[in-house]
Amino acid sequence: MSSPTGPASGLPVRMPRPRQPGRHRRPEPLAAPEGAPALVLAVPGTPGAATRGLAEEVVSIARSELPGLDALIGYVDGDDSEFPTLQSVLSRAADERTARYEQALAAGVEAKEPDGPVAVVVPLLAGPDSALLRQVRQAVMDSRVAAELTDVLGPHPLLAEALHVRLSEAGLARADRARLFTVATAADGIILASVGGDEAVQAAGITGMLLAARLAVPVMAAALDQEGSISAVAEQLRSSGSQQLALAPYLIGPEIDAELVAAAAKEADCSAAEALGAYPAIGKLALAKYTTALGIAPQQPQGTPVH
């Protein structure tokens, strides 16, 4: 997957206004460059109303972080009616860019012929899943549109934060480590459930280390799509002294049937938190992938403590 380090050729970048001096100056908001490619969120799984609501919330967060952003949603398994496919969304974005250029010429407005990528495609995946990423890559190729395809969203400290929040919402972890108030059902061992085989488990393990540091309890990653993986990790945690386990889905949601998470929790004989969903960090990370691809993101979003 490509992730250019410099701005795409021919993209004018809006220059910020001079900053006011002083320690308490407000940072200048970043705006999308004029004529920038669209951010296309590639949503895996079988689409439905809940998936659409989640995806719309993610792109809404991204738009709020970068004014002027053209953010679109393409479904990997869409039907091109209610849920537009990724391929059709990319094709339409290319057609619309060409139409804007031709309208400008017809109106006598001086305009530069479009070049560079039409879109930056960001997979809505917390970790690598080779099967789903193959589908995304194939849809981009089939569209015959010049588009950048980014990496998945994790691992990242913000995902550890999101996992912490989902566990605390389920009463399975303290919301604030510093206050040390008691949660009767707080887990003393976490199973981080991923999909995508061994590669996904390894990637989840990196975020798991960050989560373990936040919670001060052992965290081990396991694969929902590998038979026996969840129960083996549960047994390993219990044999090392953990008595009350919790399952934390290292998933955004649409990429897997929710029943598999419930079945895994039953298999491990423990409670489960909700999937990451449209936690604000997801929208921020999707935007970070986009801006990094365009070379307009000097800094990645930073994780913040949960209060």
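Reader: What share of the exposed area of the protein chain do carbon and sulfur atoms supply?
Author: This is a predicted model, where local features need pLDDT of at least 70, side-chain atom pairs count only at pLDDT 80 or more, and totals for chains, interfaces and linings use all residues. Residues are numbered from 1 along each chain as its sequence is written, and side-chain values use heavy atoms, leaving out hydrogens and water. Accessible areas come from the Shrake-Rupley method with a 1.4 Å probe, and for residues only the protein chains shown count as cover. The protein chain exposes about 15400 Å², and the carbon and sulfur share is 51%.

Reader: How many of the residues in the protein chain are buried, as a percentage?
Author: Buried means under 20% relative accessible area, exposed over 50%, and partly exposed in between (1.4 Å probe, protein chains only). The chain has 307 residues, and the buried part is 48%.

Reader: Is Thr85 buried or exposed?
Author: Thr85 sits in the loop between strand S2 (71-75) and helix H2 (86-106). Helices (H or I, at least four residues) and strands (E, at least two) are DSSP runs, numbered from the N terminus. The relative accessible area of Thr85 is 15%, so Thr85 is buried.

Reader: Which side chain makes a polar contact with the side chain of Thr85?
Author: A polar contact pairs N or O atoms within 3.5 Å; within protein, one must be able to donate a hydrogen and the other to accept it, and residues adjacent in sequence count only if both atoms are side-chain atoms. For Thr85 the distance is 3.0 Å, and the partner is Asp80.

Reader: Where is the kink in H5 centred?
Author: Helix H5 covers residues 197-215, and its end C-alpha atoms are 25 Å apart. That agrees with the expected 27 Å, because its 19 residues count at 1.5 Å each, using 1.5 Å times one less than the number of residues. The bend at a residue is the angle between axes fitted to the seven residues ending there and the seven starting there. The kink is about 25°, centred on Ile206.

Reader: What covers the buried residues of H5?
Author: Buried positions in H5 include Ala204, Thr207 and Leu211. Contact means heavy atoms within 4.5 Å. The cover includes helix H4 (157-169), strand S5 (189-194) and strand S6 (219-223).

Reader: Which helix gives the most to the largest nonpolar core?
Author: A nonpolar core is a set of buried Ala, Val, Leu, Ile, Met, Phe, Trp, Tyr and Cys residues joined through side-chain atoms within 4.5 Å. The largest has 56 residues; Leu211 and Ile282 are among those touching the most other members. With 8 residues, the top contributor is helix H8 (residues 280-294).
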